[in-house]
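Colleague: I have a fresh model open and would like to go through its labels with you. Could you tell me what stands behind each one?

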Amino acid sequence: MTIEAALPTPGRAGSLGLAVDSSADRMTLELVEAARSAGAQLGLNAQLIGPGDELAEPGSILGIGFQRAFLSVFEARSRRSPAHRRIAWVGEPLLPAGEPNGGPLAAAARSRAMDYLRYPLRPLRRAPLPGPIARLRSSAIGQHERARNTRDLKHLVGLVDRLVVTSRDRAASLAGYGIEADVVPFGYAAAVAGPITPAESGERDLSMLSLADLDPRVAWRRSVLDRMREEEPGLTLAEGIWGQDRNALLRRARIVLNVQRVPGDFVGLRIVLALAAGAVVVGEPMTDPHPFVPGVHFVSASLDRLLVEARALLADEPRRRCMAAAGQELLLGELSMARCLSRVLGA
C-alpha cells in the first residue's frame, strides 16, 4: 500500500481555503504551497483566499505560517458562515507565562509601545555595536518579537475555531495564558523541500553548511558563525537562499550547522528541509524536539560543542547516513505534510 493510500481523511471534506495576504514572507508562502499540495493529496479543493475573498463550498479556512500573514483574513471575516471552519497553524517562538523579565530593557522590549517605536528606532536596530551590547540588543529584540507573537495568538484565538502550534513547548507556553492549542509540526512536502534524496547520493561537496539569517540586528550570531568558519574552513555560510536554490544547496551538504537565534526554539522545519535533502542537522538543544529524537534524527549539542560534534559526525559516515535514513523514514510516514494537514483538519 502506498503512503497516499494509507492517509487518513480529514473530518470535513470539501474546500480548503488557504488564508494569506500581501504581507506574507517567503517561508509562509512556501508553507502555503506545501499545504496546497497536501490538500490535493487529501482530495480537497485548495485555493488561496485574501481578506475580501469568500470560500464558495463548505470546508475549512486555514492560516499557516507567520500569523501576521493571515491575521487580516480572519479579522475580515465574521462567524456568520458556520460551514467554514477556521484554523490557525503557527510556528513562531512565544513568551512563556511567568518568564523572568530579564531586567528593564527586556521589559521595555516586550511592551506594546515598542510596536509604535519600531519605525523611529529602526536605524538603531541595525547600527553596529560592541559584542556584549549587540548580544543585549538581540536579546531585547527577541523578547519583543516573542511577546508580539504571544499577543497575536491571544487575539487570534478569538477569531478561529482551532489553534494549532508546531511544538509541545509552544502549547505549554500558551497553556500558561489559559489558551488551549493542539500540537502538529509542519511536515514534509516535496513541492517545497524537493524530492527525498538519499544521504549517499550526489556530490556532497559541502562538509558543513549553515543557512543563517545574518540580520545585522543579531550581529552576535554572525560573529559566532564567523568565528566557527575561521576555526572550520569547511563551513559554508549561506544567507537569503530560498526555494529550489536552497534545496539544491542542501543536497550538496553532509551536515547543516544550526546556531539558534532564540535559545531552545523548535526548529523542526529546518530539520525537515535538511533531512529531505539527505543532510543531518547538528544544532543547539531544543526545549522539546518531539517528534525528532536527538541522536536518531539530528545531533543536539551546546554552542561550544557544535563543531566538535559536527566533526565527529563527519568522520562517521555510516552513522550520518543512518541518521538521515531514519529521518527520511519519519518524513515519509508520520511527518508527511499530508498526514500533518489531515491531523490539523480532522479533529
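Modeller: Gladly. A residue is called buried when its relative accessible area is under 20%. Keep in mind that this is a predicted model.

Colleague: Thanks. Then why is Arg 204 called buried?

Modeller: Its relative accessible area is 5%, and the cut-off is under 20%, so Arg 204 counts as buried. You will find Arg 204 in the loop between α8 (190–193) and β7 (206–211). Arg 204 also has a positive phi of about 50° although it is not a glycine.

Colleague: And what makes Ser 60 buried?

Modeller: The reasoning runs along similar lines: a relative accessible area of 4% is set against the limit of 20%, and Ser 60 is therefore buried. Ser 60 lies in strand β3. Beyond its neighbours within four places in sequence, Ser 60 is in contact with residues including Leu 16, Arg 85, Ile 87 and Leu 345.

Colleague: Which strands make up the open sheet, and in what order?

Modeller: Six strands take part, in the order β2-β1-β3-β4-β5-β6, with parallel pairing.

Colleague: How do you know that β2 and β6 are the edge strands?

Modeller: Each of them, β2 (45–49) and β6 (182–183), pairs on one side only.

Colleague: What makes β5 and β6 a pair?

Modeller: Two bridges join strand β5 (residues 162–165) to β6. Pairing asks for at least two bridges, so β5 and β6 qualify as a pair. Val 165 stands opposite Val 183 in β6, and the bridge partner of Val 164 in β6 is Asp 182. Helix α7 (residues 168–175) packs on the sheet here, touching β5 and β6, with its direction at about 130° to that of β5.

Colleague: What about β4 and β5: how many bridges join them?

Modeller: Four bridges join these parallel strands, and with at least two required, β4 and β5 therefore pair. Trp 89 has Val 164 in β5 as its bridge partner.

Colleague: What makes you say that both faces of β5 are covered?

Modeller: Arg 162 and Val 164 on one side are buried, and so are Leu 163 and Val 165 on the other. In a regular strand, side chains alternate between the two faces of the sheet.

Colleague: Now the helices. Why is α1 called roughly perpendicular to α14?

Modeller: The axes of α1 (residues 26–41) and α14 cross at roughly 85° and come within 9 Å. Angles of 65 to 115 degrees count as roughly perpendicular, so α1 is roughly perpendicular to α14. The contact residues divide into seven nonpolar, two polar and no charged. Among those in contact, Leu 31, Ala 34 and Ala 35 belong to α1, while Met 337, Ala 338 and Leu 341 belong to α14.

Colleague: Where does α14 lie with respect to the strands?

Modeller: Helix α14 (residues 337–346) lies across β1 (15–19), β3 (59–64), β4 (84–90), β5 and β6, and runs at about 125° to β4.

Colleague: Which residues touch the most other members of the largest nonpolar core?

Modeller: Of its 54 residues, they are Leu 16, Leu 62, Ile 64, Trp 89, Phe 292 and Leu 341. Helix α11 (residues 268–276) gives the largest share of this core, seven residues. Contacts of Leu 16 include Ala 35, Ser 60, Leu 62 and Leu 341.

Colleague: One last point: which peptide bond is cis?

Modeller: The one from His 290 to Pro 291, with omega near 10°. Pro 291 lies in the loop between β10 (280–283) and β11 (299–300).

Conventions
Residues numbered from 1 in each chain as written. Predicted model: local features only at pLDDT ≥ 70, side-chain atom pairs only at ≥ 80, totals over all residues. Heavy atoms only, no water. Contact = heavy atoms within 4.5 Å. Axes fitted to C-alpha atoms, helices over the stretch in contact; angles between N-to-C directions. Buried < 20%, exposed > 50% of the residue type's maximum accessible area, 1.4 Å probe, protein only. Parallel < 35°, antiparallel > 145°, perpendicular 65-115°, else oblique. Nonpolar A, V, L, I, M, F, W, Y, C, P; charged D, E, K, R; others polar. Core = buried A, V, L, I, M, F, W, Y, C linked by side-chain atoms within 4.5 Å.
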